[in-house]
Amino acid sequence: MATATATEGTETNDDGARPWQSYHTVYTTAKAGMDGVDKEKVQRTVYEMSKGSKYFQNEERKDAFITQKIDKIRTQCDKLTQADLSHFQKVADRRILELEALRDLSRIWLHVDMDAFYAAVETLSNPTLKGKPMAVGSMSMISTANYEARKFGVRAAMPGFIARKLCPELIFVPTDFKKYTHYSDLTRTVFRRYDPNFMAASLDEAYLDITEVCKRRNIKSEEIAEELRTSVYEETGLTCSAGVAPNRLLAKVCSDINKPNGQYVLPNDRMAVMTFISSLPIRKIGGIGKVTEHILKAVFGINTCEQMLEKASYLCALFSQSTADFFFSVGLGLGKTDSPEVRFRKSISNERTFSATEDEVLLYKKLAELAEMLSTDMQKEGLCGRTLTLKLKTSSFEVRTRAMTLRKYISSREDILKHASELLKAELPLSVRLIETDVSIGSCQRSRDPVDGNHSSDVNCQSGTGWSSEEIQTSGNNASCSNYGQVKEAVESTFPIQGQFEDTSTLNLSNLLEDERLNSCEDKTMLWLNDYKCSLCGIELPPSFVEDRLEHSDFHLAEKLQKEESRIHQRTSVSGQSWDQKNRITRESISKKQKLSQKEGSYRPIDYFFLLKSNKNRPS
C-alpha cells in the first residue's frame, strides 16, 4: 500500500501551525485493522475535505462547548482546598471499597463480534470483491469498511467522498439489510447452543454467559470461544472475534484485541484484571467517547483506566455520585455480570442515515421501512410498547426529538407508521439526513400474541407529544447503523457537578419541583426510577437533562389538568366560573414556571399551550 508521509504536500499556516492536528472527529478514531495507518494524513484529509461544511461548523460548535465545559471544571478544580481534597479522598476510598466488595469473579462472559460484518457478507455474496478495498454504503455515508480499506484510514461512519480521497480505488456496495439480518439470524442460532439467553447488542455482536456450559462440559473458556468461532464460520462462512472476561465490560474490550478472526481470554483473577486495566487506554471502554476522553485528559491528565483511581478525590469532588461510581468501576475493572433472565429491555429502535433530503415522499418511504423493521424486531421478541419516539438529524446536524405516549400498547407496522408519520409531519418541511424510531417498553412489555401486540387496549392514558432540540450531539465509539441495544456515551451528556459550588444546585432543585408539582395526583406520583426512567410513562431522561425533565413533568401536569377538566365536564355543564377557576390554576402554574424559566434558560412549559387552546375554545 502506498501512502504519503505526514509531511508530503502538507500546507501550514504562516506561523507554521497545522490546524488539522486539533481537529478530532469520529472519522479519525482508529478501529481494528487500522494499525500502521498514517494518522496525520487521515486527519489532514478529513480536515481539508470537511472545512466549510455544515458538519465542520457543527464540530466547531461542539468543540467550543467542550472547551467551555473544560474551563468550568478547571475553575471548580482550582477552588478545591487541601482540606476539600482530603475529605473527598476519604469519601472516594470508602466508595471504592464498597464497589470492590461487589466484585464478582464467578461468571464467565464471552463477547463475540463479527469481523467487518456487512462488508464480509457482501464479499461472501460476491467473491470478486475479496482482497479489494471495499465499503458498504455510498458517497454520503459508509456503514462498514473491510480490512483492506481500513489500511487507508477508511472506516465506518465516514462520508464516502472522504473515503474515496483516502483510497481512490475504493469500491462502494449498497446496503442490503435483509441480507445482513439473514446472516445475523444464522449466527444467533449458534449462540443459543452456548447460551439460550444470550444478549444481542446489534446485528453483528452479542454477549454470552458461558459459565454453565464450561462447568457442564468441564472445558476451559478459551476452548468454548474457539469452538464457537469455528461453528459460526461453518454455519455462515463468516469469521468473528471473541473476548472472554469476568464481566461484559471487559469481555467487549478483549474481543477487539486480536481482530480479525482471533480471541483473547482474561482470566477470572483479580490480579490479572488489575494488571490488564493498568495500561488500558480509557477510550477502549464502552461509554467513554471522545468528549469524555478529552475532558479527563485535559483537566486531570487521565490517560489509562488505572489513573481513574489515582485521581479519585478530584472525580468524587467534581462529578455526581453516579458518574464518579462509573469512573471508579472502570478503574477497578468492574462491569455487569447479572444474568439476562432478570433484565428487562427498556426500548427497541432502528435508525437509518442517508443523503440529506427535503423530499417528503422519500422521507415517508424511509419511515415506512423503519416501521417495518421495528415491528418485525418487536414481534420476533414478543414486545410491545406505548411511548413512540422519533429522532431526526437535520442537514445542519441539529438533532430533533419528538415523543408520543399512546392510549394502547403497539407493535404492528401499521400502528408504528401511523403515529411516527404524525410526528414527522409536525417537523416538515425539513432537510433530514437521519431518522430513528424508538419504542419504549412499558411494564406490560410482553405481548400475549407476538403477532398482535395490541391486546392492552384497555390501558387508558392520554396521548400527547413533547419536543426538544439538542444542539450538542456527542459521538460514540462506533457510529455505524445498528439496532438500538448499545449504551452510547452514557457519561458523555453534560456531567452533573456536585452542589457545593455555585450554579450547581439546579438538578436537585428540579427534582424537588417535579415532586412538588405532581404529588397531588390522585392515583399516580411521578418518580425518576433509577434516576433515569419516568415512573408514569417509562420514558428515559438523564439527570443532566434539566429542561427536558421540567418539560416532561409539565406534560404530565397538563395531562392531569385535562383529566380533571374532563371529570368536571361529566358532572356539570361548563360555566364561566369553572373556566375562570381552571385558568386561574393554570396561570398560577405558568407563573411559577416562568420564574423558574428565567433561571433555567429558554424552557417553555407545555401546559402554556393547553391554556392557549382552552382560551381559544372557551364558550362565549
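A residue counts as buried when its relative accessible area is under 20%, and as exposed when that area is over 50%, with partly exposed in between. Keep that cut-off at hand for the exercises below, which work through a predicted model.

**Exercise 1. Find the salt bridge partner of K259, and decide whether the two residues are buried or exposed.**

Solution.
- Step 1: Look for a carboxyl oxygen within 4 Å of the side-chain nitrogen of K259. D113 qualifies, with the closest N and O atoms 3.9 Å apart.
- Step 2: Place the partners. K259 sits in the loop between α10 and β8, while D113 belongs to strand β1. With 146 residues separating them, the pair links distant parts of the chain.
- Step 3: Apply the burial cut-off. K259 and D113 are both buried.

**Exercise 2. Work out which parts of the chain the salt bridge between E205 and K252 ties together.**

Solution.
- Step 1: Check the distance. The side chains of E205 and K252 come to 3.0 Å, N to O.
- Step 2: Assign the elements. E205 is in strand β6 and K252 is in helix α10, so this salt bridge ties together parts 47 residues apart in sequence.
- Step 3: Compare each residue with the cut-off. E205 has a relative accessible area of 7%, so it is buried. K252 has 26% relative accessibility, so it counts as partly exposed.

**Exercise 3. Explain why helix α10 can be called largely enclosed, and name elements that cover it.**

Solution.
- Step 1: Go through residues 248-255. R248, L249, L250, A251, V253, C254 and S255 are buried.
- Step 2: Draw the conclusion. Because seven of its eight residues are buried, α10 is largely enclosed by the rest of the structure.
- Step 3: Identify the cover. The elements over the buried residues of α10 include β1 (109-114), β5 (199-202), β6 (205-209), β7 (240-245), β8 (263-265) and α11 (270-278).
- Step 4: Inspect the N-terminal end. N247 caps α10 there, placing a side-chain oxygen 3.3 Å from the backbone nitrogen of L249.

Now try helix α4 (residues 117-125) in the same spirit. Its buried residues are F117, Y118, A119, V121, E122 and T123. Their cover includes β1, β2 (134-137), β3 (142-145), β4 (171-173) and α7 (177-194).

**Exercise 4. Starting from E427 and R400, trace the salt bridge network.**

Solution.
- Step 1: Begin with the pair itself. The side chains of E427 and R400 meet at 2.8 Å, N to O.
- Step 2: Locate both ends. E427 lies in the loop between α17 (413-425) and β12 (432-440) and R400 in strand β11 (residues 399-410), so the salt bridge ties together parts 27 residues apart in sequence.
- Step 3: Test burial. E427 has 8% relative accessibility, so it is buried.
- Step 4: Follow shared partners. Salt bridges join E398, R400, R402 and E427 into one network.

**Exercise 5. Which residues touch the most other members of the largest nonpolar core, and which elements supply it?**

Solution.
- Step 1: Rank the members. Of the 48 residues in this core, F300, M308, L315 and F328 touch the most others.
- Step 2: List the suppliers. At least two core residues come from each of α2 (54-79), α3 (82-100), β5, α10, α11, α12 (290-300), α14 (312-318) and α15 (321-332).
- Step 3: Zoom in on M308. Leaving aside residues up to four places away in sequence, M308 touches I282, I288, L296, I302, L315, F327, F328, V330 and G331.
- Step 4: Look elsewhere. A second, separate core has 36 residues, among them L129, Y180, Y194 and L203.

Conventions: Residues are numbered from 1 along each chain as its sequence is written. This is a predicted model: local features need pLDDT of at least 70, side-chain atom pairs count only at pLDDT 80 or more; totals for chains, interfaces and linings use all residues. Side-chain values use heavy atoms; hydrogens and water are left out. Buried means under 20% relative accessible area, exposed over 50%, partly exposed in between (1.4 Å probe, protein chains only). Helices (H or I, at least four residues) and strands (E, at least two) are DSSP runs, numbered from the N terminus. Contact means heavy atoms within 4.5 Å. A polar contact is a pair of N or O atoms within 3.5 Å; within protein, one must be able to donate a hydrogen and the other to accept it, and residues adjacent in sequence count only if both atoms are side-chain atoms. A nonpolar core is a set of buried Ala, Val, Leu, Ile, Met, Phe, Trp, Tyr and Cys residues joined through side-chain atoms within 4.5 Å.
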